[in-house]
Amino acid sequence: MMKKVLSLLALTTFALAHQAIAQESTPATIKIETGTQAGKVLTEKGRVFVNQSGTVVHGFFKAGDKMKRHNHDGYELFFTVLKGKANIVLDDKENHPINAGEILYFNGKHFINADFPEETEVLISLIKE
């Protein structure tokens, strides 16, 4: 399992918001063909990577934005704040203030909701269990 996590994280460096998934870009499966470059720079917003192992979402939030309560059963999540701050609440009771450079890991069976007190950029990696 850790090998899958490391593989997916090595291929990407971007993140989620359930709202951003619906609003931003269309999911794409990234494939590197033989004879081409080994890497690809991903600059899109929203879902930037999807394959059979998981999804990576690159999310942007304005100050005052909120993420509605939801979950991602069947996934493990790495919620990384790249810039700004996020106040994350798991299961309506567990508070996690996350600052730039910090990562919150949790199982997707838990419900998440969040608010963003300032402009915030996140990378959310959802890895299938």
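Where does His72 lie? Its place is in the loop between strand E3 (66-70) and strand E4 (75-83).

## About the model

This is a predicted model, in which local features need pLDDT of at least 70, side-chain atom pairs count only at pLDDT 80 or more, and totals for chains, interfaces and linings use all residues. Residues are numbered from 1 along each chain as its sequence is written, and side-chain values use heavy atoms, leaving out hydrogens and water.

## The sheet

Let's look at the strands (DSSP runs of E, at least two residues, numbered from the N terminus). Five of them form an open sheet in the order E1-E2-E9-E4-E7, with antiparallel pairing; two strands pair if DSSP finds at least two bridges between them. Strand E1 (46-51) and strand E7 (103-107) are the edge strands, each pairing on one side only.

E1 and strand E2 (residues 54-61) run antiparallel and are joined by five bridges. Within E2, Val57 is the bridge partner of Arg47.

## Two loop residues

Back to His72: this residue is buried, with a relative accessible area of 11%, where buried means under 20% relative accessible area with a 1.4 Å probe, protein chains only. The side chain of His72 also makes a polar contact with the side chain of His70 (3.0 Å). Such a contact is a pair of N or O atoms within 3.5 Å; within protein, one must be able to donate a hydrogen and the other to accept it, and residues adjacent in sequence count only if both atoms are side-chain atoms.

Gly108 sits in the loop between E7 and strand E8 (112-115) and is buried too, at 0% relative accessibility. Leaving aside neighbours within four places in sequence, Gly108 has contacts (heavy atoms within 4.5 Å) that include His72, Asp73 and Tyr75.

Key: Helices (H or I, at least four residues) and strands (E, at least two) are DSSP runs, numbered from the N terminus. Buried means under 20% relative accessible area, exposed over 50%, partly exposed in between (1.4 Å probe, protein chains only).
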